[in-house]
Amino acid sequence: MDEQKPNSEGRAYALKLNRKMFGKLVVIAVLMFGFGYGLVPVYKSICSLTGVNFLTPQDSTVVAPENTQIDKSRTITVEFDGNARGPWRFRPAVSSLQVHPGEMTQVMYEVVNKEARTMEAQAIPSYAPMQAEAFFKKVECFCFTQQTLGPNQAKEFPVVFYIDPKLPKDVKSIMLSYTFFEINKPAVVKPA
């Protein structure tokens, strides 16, 4: 029995030390959480005092500057056309728009693959009058890359453009026409 007495005293002492250590760890964890939580307002106040990395609220009295490259004294009529070579339905969403030179404009073209197979296609633009091509600036166009349409799939493609303000004054109308055609793939030769 003498052997068990020191053991139970040792266990009680170890349990007391463990509880004391657990209490210290809980206090440290709570303090660390509080420090992390309190760090955000302290950081914001330091940033506002030093002027570093501080986001200021938007001033509602400031007006966004107007694009001065837009020539509002002129209006150009841009007509859109779509021609399909192959089993497509291809057309612009609108037939014409009135735009000011320098004004960014977007128009959509609708394409439908009328075949029951996947096809790859390309669009080639043309302009009338031909001199307008140098002043018709496309920012985004489905004609930049080949397009893949699944069986009976319909898609809309954007064309984002602006007319260069240096367009000659005598040009009042421009036609943008696309020809949409299937890209021929090499025929696969079957072994005899």
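In this predicted model, Glu 182 pairs with Arg 117 in a salt bridge, with the closest N and O atoms 2.9 Å apart. The pair ties together distant parts of the chain: Glu 182 sits in strand S9 (residues 173-182), while Arg 117 sits in the loop between S4 and strand S5 (119-128), and 65 residues separate the two. Arg 117 has a second partner as well, since Glu 115 also forms a salt bridge with Arg 117, here with the closest N and O atoms 3.8 Å apart. With Arg 117 as a shared partner, Glu 115, Arg 117 and Glu 182 end up joined in one network.

How buried or exposed are the members of this network? Glu 182 has a relative accessible area of 21%, so it counts as partly exposed. Glu 115 comes out as partly exposed too, at 29% relative accessibility, and Arg 117, at 37%, falls into the partly exposed class.

The structure holds three salt bridges. Besides the two in the network, there is one between the side chains of Glu 110 and Arg 91, at 3.0 Å from N to O. This pair also links distant parts of the chain, with Glu 110 in strand S4 (residues 105-113) and Arg 91 in strand S2 (residues 88-92), 19 residues apart. Glu 110 is partly exposed because its relative accessibility is 24%; for Arg 91 the relative accessible area is 39%, so this residue is partly exposed as well.

Asp 71 tells another story. This residue is found in the loop between helix H1 (4-50) and strand S1 (76-85). Asp 71 is buried, yet it has no salt bridge. Which side chain of opposite charge is nearest to Asp 71? That is Lys 169, 4.0 Å away. What the Asp 71 side chain does have is a polar contact with the side chain of Ser 73, at 2.5 Å. Leaving aside residues up to four places away in sequence, Asp 71 touches His 100, Pro 101 and Lys 169. Lys 169 thus turns up both as a residue that Asp 71 touches and as the nearest side chain of opposite charge.

Over on the surface, a nonpolar patch is formed by Met 21, Leu 25, Ile 28 and Met 32. Together these four residues have about 420 Å² of accessible area. Leu 25, one of the patch residues, is found in helix H1.

Two spots in the backbone are worth a look. Most residues other than glycine have a negative phi, and most peptide bonds are trans. Where does the model depart from this pattern? One place is the peptide bond from Ala 128 to Pro 129, which is cis, with omega near -5°. Pro 129 lies in the loop between S5 and strand S6 (136-141). Another is Asn 152, which has a positive phi of about 55° although it is not a glycine. Asn 152 is also in a loop, the one between strand S7 (147-149) and strand S8 (154-163). At 52% relative accessibility, just past the cut-off of over 50%, Asn 152 counts as exposed.

Definitions and conventions. Residues numbered from 1 in each chain as written. Predicted model: local features only at pLDDT ≥ 70, side-chain atom pairs only at ≥ 80, totals over all residues. Heavy atoms only, no water. Helix = DSSP H or I, 4+ residues; strand = E, 2+ residues; numbered from the N terminus. Buried < 20%, exposed > 50% of the residue type's maximum accessible area, 1.4 Å probe, protein only. Lys, Arg positive; Asp, Glu negative; His and termini not counted. Polar contact = N/O pair within 3.5 Å; in protein donor to acceptor, adjacent residues only side chain to side chain. Contact = heavy atoms within 4.5 Å. Patch = residues over 30% accessible without salt bridge, like charges linked within 9 Å, V, L, I, M, F, W, Y side chains within 5 Å. Areas by Shrake-Rupley, 256 points an atom, 1.4 Å probe, with all protein chains shown as cover.
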